[in-house]
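Dear colleague,

I am passing on to you the structure we spoke about, with the sequence alongside. Below it I have set out what was found, so that you can follow each point on the model itself.

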Amino acid sequence: MSDTLLQIDNLGVDYETARGDLKALRDITFDVNRGEIVGIVGESGCGKSTLISSILRLTAPNTRFRQGEIRFKGQDLLPLSERRMRALRGEDISIVFQDPMQTHNPVLTIGQQMLDIQHRSKASKAEKRARAAKMLGAVGIPDPEARLDQFPHEFSGGMRQRIAIAMALMSEPDLLIADEPTTALDATLEVQIIERLQELQQQFDCAILFISHHLGVIAELCDRVVVMYAGAVIESGDVREIFHNPKHPYTRRLIDCDPGHIKTRARVLPTIPGEVPDLANLPEGCIFRDRCDQALPCCAHQVPPLTQLQEGHRAACWLNHEEVSA
Amino acid sequence: MTLLDVKNLHTSYGKVDVLAGVSFEVEPGETYALVGESGSGKTTVIRAIAGLAPAQQGSVKFDGREIRGASERELRPLRKDIAMMFQDPVGSLSPRLTIRSLITEPYRIQGMRQRDLDAEAKRLLEMVNLPAHFADRYPYQLSGGQARRVGVARALALEPKLILADEPTAGLDVSVQGELLNLMNDLRERLGLAMVIITHNLNVVRHVADRMGIMYLGRLVEEGDTETIFADPRHPYTHCLLSANPEPDPDARLERIALKGEPPSLLKRPQGCEFRERCPFAKPICTTVPPWEVENGHGLRCLSPMKAGQAA
Amino acid sequence: MSKSRSELSLILTGVARDPLGLMGLIIVGTIIFCALFAAWITPHDPIGMNIKDRLQGPSLTYLLGTDQLGRDTFSRVIMGGQVALKVALPAVFGAMIIGLTLGMIAGYGPKWLDNLLMLFFDTIRSFPTVMFALAVVALVGPSLQTVVFVVMATSIPTYGRVARTQTLTLRNSEFILAERSMGAGMARILGVHMLPNIIGVLAVLAAMDIPTVIALEAGLSFLGLGVKPPTPSWGALLKDGYALIRQTPWLVVGGGLPIILATLGFTFLGESLRDVVDPKLRKQR
């Protein structure tokens, strides 16, 4: 597992707004290895979307990269020319978005759109079409030849999301970014998509960066997990470690909150009271302190560093530092 | 006496039968969940009950009075007793009104202006655990969870007997979802409310609903006590829904039953059992239309049901 | 009351922050100021003739020169601005209010009423404005009121259609359903919940429409169908200047420049207003 594909180092991203700089991402550090599925979990406002758009360099005009690097195959993406970046987005990195109903151009057939994205290939039209049909078959669209001539509106939401995945995999990318690809779908279809992604990942041997707020999906699909809160990575590690041995109070309580593992009717469901801090006006010390029931005196002044606790498990919490918590 | 009695409700838009005969009952103080995939007609059911969607056939009795097809004038006094919550927490709040105006809107509509509306607004915000200064905010200044609380406050303003809630936890983070469900559970007990909750999130159903009905293509296919259904689902579709519920545990070994394909089009309803083509347990007998059968308060529309205990 | 005032000041600050909007605000402000205080600003009587000073170039006495009857062009430009606003404001606001009302009824009411109103809008729109103006003038004679009436009648459908489309999109939104579920009547839904969400779009449309109407009034006056001489109007000035362009170019400048300035000013204002009023655009900034 030493073959690192994507390496994010101390990434800091701000949004310039009228209220001052919004510190959307602070000190983000994690890796994605080749052929690995890494999940990013976090609730609204944790910076998931900023992170993806930063990796793809598809950021809003008021975005400022303050520090850090995003290295893909060892090369820093941030100073890359727009032209090189475009080539990279088409060839090596693909993305599947959240809303399958808005991903496709409504006035072109699926076949036309799947031919268009092969514009860099020198193959003949018939060959490209055959490839498109094969991909549709691979994501489980029945009768793919005939369905190439249909328009997006003739497909259901679940099918459209599978088509989006097929299109993302056309260029056989090394990295597939999936941004909440199942959130807009019913549970039954969600499960179908996850199972399909697992199969395809093995077939195409690409790495997947899977963003979701659904812990169940993350637990089932991912090899490693990165937990984000208010623009920072607060814990990362092997999926079993994260779910069975969480080392940050936020991770622990997030898992507790998921009603999926509370099997009997609960009178009172666990919650995390309080609000996410204002990113334009960050409190001193640990960002989770106000909502944390285990906060120590030092949490108020010093930001806990993301420290390695054991091979492949990092957490940013003073409770893991014996010299402080003792 | 039964509070809400829906019988054989039919709704069609042109040739599309969105509801093809839905019947269920809700007792005072009871929470009833309607579960199903998108397009199964859940939302249409509660909109038809509230007179916001047409219902060509069947009957809706509220407190013993027939309200299907009632005019807006006849419905107005009943609006005090039936409140609704909509899917989009922010989008269901009139964007140019302050929270104070929004949560006291029911009093204004029902002609209760003589009340001290400021005091009512304060009381309602307190009830849903929002600080009083929120009264001066606008919907776009709220987070999803806060907007959802405002929705609850507005629904409870007139102390209704029944709340119809469409995906009340949609779009909320898990940590906030729990808060909302706790709040609703608490208020329901304190005020003796009955609720009909629509959701596709089965994790939510288990913690709030006394009874549940599973809908498929505009019909109920199974109905019963929530605990019984979770423990022992009889309809294969129910079983598929329950197993399509990823658990937050990487070591969970799920005996998942794959659901084949996607819901058929309402324009081309399958012959016989409408679930047959996707059913992993379909038998030759399933080409005949299955009847609705009720046994010990457990309703089922299936000719090849799962045996008791098969699911476990 | 205080709420709507603060919203207005919010919009005004938003417009003033945008350079184009600020320019629009200054131009429009100047025009309105000049029109309001025309009686004090005009150095000469705008219709007072002085044959011995006819067709003069700009000087300290006559800032923009004089016309063939020796009338001060600068004073006539100022007065003309008053006339232009007297036509444009009532015509545009009248059309907006009538169009808004009819459009919302068409969008929210029953299908047959919608069809009927749309037929009405389409019928009006099918008249070419100038032909319609000719017909009305032929019937009742040229006057300020006639111009106002013609312009208003022909712009109603534009506002009506926009208001209808907005109403149709809003009527199925969840907050309107929520109001219906509480038993709100049609008047309340339209007046309290829809109107505030539609009025912004129409206000922008109106701001952009004012220069068109000013140009239309000038055009009608140019054709002799507008306000009666000797009342000064920018169109009439342009017409006089056009006839005398060989003797003095100052009349054309006096008539043309204010039309161009007013058009630019109101258009800038309208565009900037649109960006400020539209929350989707506001968010992106």
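Please keep in mind throughout that this is a predicted model. I begin with a strand in chain A whose two faces are both covered: in S8(A), A:Ala207, A:Leu209 and A:Ile211 on one side, and A:Ile208, A:Phe210 and A:Ser212 on the other, are all buried. This strand runs over residues 207-212 of chain A, and six of its six residues are buried.

The neighbours of this strand come next. Strand S3 (residues 37-41) of chain A runs parallel to S8(A) and is joined to it by five bridges, with A:Ile37 having A:Ile208 as its bridge partner. Strand S7 (residues 175-179) of chain A also pairs with S8(A) in the parallel sense, over five bridges, and here the bridge partner of A:Ile177 is A:Leu209. The connection between these two strands passes through helix H7 (residues 187-204) of chain A, and S7(A), H7(A) and S8(A) make a right-handed β-α-β unit.

These strands belong to an open sheet of eight strands in chain A, whose order is S6-S7-S8-S3-S9-S10-S12-S11 and whose pairing is mixed. Strand S6 (93-96) and strand S11 (307-310) of chain A stand at the edges with a single partner strand each, so one side of each has no neighbour in the sheet. On average, and with direction ignored, neighbouring strands of this sheet are turned by 20° against each other. At the S11 edge, S11(A) pairs with strand S12 (residues 313-315) of chain A in the antiparallel sense over three bridges, and A:Gln310 has A:His313 as its bridge partner in S12(A).

Chain A also holds an open sheet of four strands, in the order S2-S1-S4-S5, with antiparallel pairing. Its edge strands are strand S2 (20-33) and strand S5 (75-76) of chain A, each of which pairs on one side only. Helix H1 (residues 48-56) of chain A packs on this sheet, where it touches S1, S2 and S4 of chain A, and the direction of the helix makes about 70° with that of S2(A). Within the sheet, strand S1 (residues 4-17) and strand S4 (residues 63-72) of chain A pair in the antiparallel sense over eight bridges, and A:Gly12 stands opposite A:Gln67 in S4(A).

Turning to chain B, its secondary structure comes to nine helices and 12 strands. The radius of gyration of chain B is 20 Å, close to the 20 Å that the globule rule gives for 312 residues, so this chain is as compact as a globular protein of that length. The C-alpha trace of chain B spans about 65 × 50 × 35 Å along its principal axes, and buried residues make up 48% of its 312 residues. Among the contacts in chain B with a separation of 6 or more, 64% are accounted for by residues 24 or more positions apart.

One residue of chain B may be worth a look on the model, namely B:Ala147, which is found in helix H5 (residues 144-156) of chain B. B:Ala147 is buried, because 22 other C-beta atoms lie within 10 Å, where 20 or more are needed for a residue to count as buried. Leaving aside residues up to four places away in sequence, B:Ala147 touches B:Pro89, B:Val90, B:Leu93, B:Pro139 and B:Leu142. Of these, B:Leu93 is 54 residues apart from B:Ala147 in sequence, yet the two are 8.0 Å apart in space, C-alpha to C-alpha.

How do the chains meet? Of the two pairs of chains in contact, chains A and B share the most contacts, with 28 residues of chain B in contact with 32 residues of chain A. On the side of chain B that touches chain A, the elements giving two or more residues are helix H6 (174-191), helix H7 (202-208) and helix H9 (236-243) of chain B, and H6(B) gives the most, with six residues. By class, this side of chain B has 10 nonpolar, nine polar and nine charged residues.

The contact between chains B and C takes 19 residues from chain B and 15 residues from chain C. The largest share of the side of chain B that touches chain C comes from helix H3 (residues 99-109) of chain B, which gives three residues, and by class that side has nine nonpolar, five polar and five charged residues. No contact joins chain A and chain C, and their closest C-alpha atoms lie 8 Å apart.

With best wishes

Key. Residues are numbered from 1 along each chain as its sequence is written. Chains are lettered from A and ligands numbered from 1 in the order in which they are written. This is a predicted model: local features need pLDDT of at least 70, side-chain atom pairs count only at pLDDT 80 or more; totals for chains, interfaces and linings use all residues. Two residues are in contact if their C-beta atoms, placed from the backbone, lie within 7 Å. Ala, Val, Leu, Ile, Met, Phe, Trp, Tyr, Cys and Pro count as nonpolar, Asp, Glu, Lys and Arg as charged, and the others, Gly among them, as polar. A residue is buried if 20 or more other C-beta atoms lie within 10 Å of its own, exposed if 12 or fewer, and partly exposed in between; C-beta atoms are placed from the backbone. Two strands pair if DSSP finds at least two bridges between them. A crossover is right-handed if, with the strands pointing away from the viewer, the path from the first strand over the helix to the second runs clockwise. Axes are lines fitted to C-alpha atoms, for helices over the stretch in contact, and angles run from 0 to 180 degrees between N-to-C directions. The radius of gyration is taken over C-alpha atoms; the globule rule is 2.2 Å times the number of residues to the power 0.38.
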